[in-house]
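Ready for a few short exercises at the screen? Take each task in turn, and try it yourself before you read the solution.

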Amino acid sequence: MKNFPRSEDSLSISRDLMQDFNTRAVISLLYNGEPMPRTKIASKTGLAPATISNITSRLMSSGLIVEAGVGKSTGGRKPTLLDINEKFGYVMAVKIEARRVITGLYDLRTNKIAGGVTQLEPEPVVETVLEVIKSDYETYLKKGDILGVGVGVSGLISDEGAIIYTPILEWSNVSLADDLLSGKRVPVVVDNDVNALTLAEGWLGAGRSYDDFLCITVGEGIGAGLMIDGALHRGALGGAGEIGHITLDPNGPVCRCGENGCLEALASDYFLRNEIEKLNLKPATIDHLADLAKKNEASATEVFRKMGRNLGLGIKNLVNTLNPEAVLLGGERLSEANYFMPEMKQEVLNHSFPEEARELKIVRTELGKEGWLIGAALLSIRNFLNLPLHHKVKNPAPRQGIGKKTT
Ligand SMILES: [Zn+2]
């Protein structure tokens with residue numbers, strides 16, 4: 001295995017700087033907010049102007065922050081605005097699926113620089129997937145420094161980024177982050193793919209004004225990301241939100257997992273394919289079923305309506321348990337949401353407390369398919385900048401102990 005080469009100079013300088021708590025406060029403010037003058041950075045962080053001047057000049061010489069135009073004058077000369085240099089370096093984002101590996105190169109503001117998709121043979125082994133990622137990494141490296149790699153994959157992922165189990169690939173106990181690192185020169189962050197999507201929607205998409213929301217993905221499987229009080233809830237083994245196999249009907253159809261009446265057996269692509277078989281559709285594809293639903297063909301619309309009711313039933317259990325402000329719908333079947341979302345909404349609202357139902361927003365995710373990769377990129381970016389993933393938009397806790405004024 002090859003090590004990931006990287007130029008060390010400017011990157012290591014800024015990494016040392018970021019170990020400084022005050023420096024991190026400045027970076028956090030600029031990354032999460034608008035470009036601003038030094039005076040505003042001082043007032044927002046509570047740090048002395050001299051401290052800010054010191055920190056910003058160090059960050060500017062490392063290249064991590066840059067001047068970004070001038071602000072409004074408050075009497076004197078117009079102040080220079082500072083911002084994070086989005087082109088300081090890139091991160092590589094990876095989504096591992098059952099049959100393909102999708103990668104992308106992003107700048108620090110998640111603007112996409114490049115991307116690629118590699119199809120895999122069925123049941124790929126770990127080494128094959130690692131080789132694909134490394135090969136894309138080498139290609140992206142030609143475009144500039146890569147500060148880190150973020151990976152999203154379905155399944156149980158430990159806090160350290162090891163894959164405990166992934167049902168789509170049937171891998172167990174794979175230390176992907178360590179194997180990808182091999183030379184320990186570029187940080188690799190691995191998380192559950194739905195968690196990555198939930199983060200992306202929370203920071204940049206439909207969840208950005210909520211502290212408490214669920215991000216439900218519907219496609220080959222059904223998953224949920226749980227943003228609770230501004231933080232992603234992972235559970236003891238990173239398995240929180242694996243809702244596909246909650247039992248909706250003990251006498252229901254057999255699921256892929258062997259149990260009866262799981263949510264996935266009643267509302268995922270697996271369900272749609274079973275219904276397509278019953279209808280004897282030719283061609284037997286979900287696209288064809290959707291075409292028929294578009295033409296208002298009764299048996300096809302009823303399949304989607306049934307899917308919506310079942311999905312709604314599963315979601316209302318989560319809503320009653322967690323009382324979120326919003327439910328975001330995402331995943332591959334979002335493209336057919338017109339046909340099942342009304343029934344899904346109705347089912348959730350019918351079975352929730354009226355007060356809860358009145359307040360609850362049920363909306364579509366906004367970042368589309370790209371959201372998965374943007375989430376993986378954000379994992380890596382925030383790791384590099386040493387910023388928390390925590391996403392609290394309302395009543396954020398007061399800043400504590402950032403530092404005292406020195407003048
Ligand atoms: Zn199941």
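Below are four exercises with worked solutions, all on a predicted model.

**Exercise 1.** Find how the domain assignment divides the protein chain.

*Solution.* Start with domain 1, which covers 9-84, then go on to domain 2 at 90-198 and domain 3 at 207-364. Next, take the centres over C-alpha atoms: those of domain 1 and domain 3 are 44 Å apart.

**Exercise 2.** Describe how helix H3 (residues 38-45) packs with helix H4 (residues 49-62).

*Solution.* First the geometry: the angle is about 115 degrees, and the axes lie 9 Å apart. The crossing is right-handed. Then the residues: H3 brings Arg38, Thr39, Ile41 and Ala42 to the contact, while H4 brings Pro49, Ile52, Ser53 and Thr56. Sorted by class, they give 4 nonpolar, 3 polar and 1 charged residues.

**Exercise 3.** Work out whether Thr103 is buried or exposed.

*Solution.* Locate Thr103 in strand S5 (residues 100-106). Now count: 25 C-beta neighbours fall inside 10 Å, so Thr103 is buried, the cut-off being 20 or more. Beyond the neighbours within four places in sequence, its contacts include Met92, Val94, Gly115 and Ile133.

**Exercise 4.** Compare the expected span of helix H12 (residues 337-350) with its end-to-end distance.

*Solution.* At 1.5 Å a residue, the 14 residues should span 20 Å. The end C-alpha atoms of H12 are 19 Å apart, which agrees. Now look at burial: Tyr339, Phe340, Met341, Met344, Lys345 and Val348 of H12 are buried. Among the elements that cover these residues are helix H10 (286-294), helix H11 (298-322) and strand S16 (361-364).

Definitions and conventions: Residues numbered from 1 in each chain as written. Predicted model: local features only at pLDDT ≥ 70, side-chain atom pairs only at ≥ 80, totals over all residues. Axes fitted to C-alpha atoms, helices over the stretch in contact; angles between N-to-C directions. Helix = DSSP H or I, 4+ residues; strand = E, 2+ residues; numbered from the N terminus. Left-handed = near helix turned anticlockwise from the far one by under 90°. Contact = placed C-beta atoms within 7 Å. Nonpolar A, V, L, I, M, F, W, Y, C, P; charged D, E, K, R; others polar. Expected span 1.5 Å × (residues − 1). Buried ≥ 20, exposed ≤ 12 C-beta atoms within 10 Å, placed from the backbone. Domains from an automatic or database assignment.
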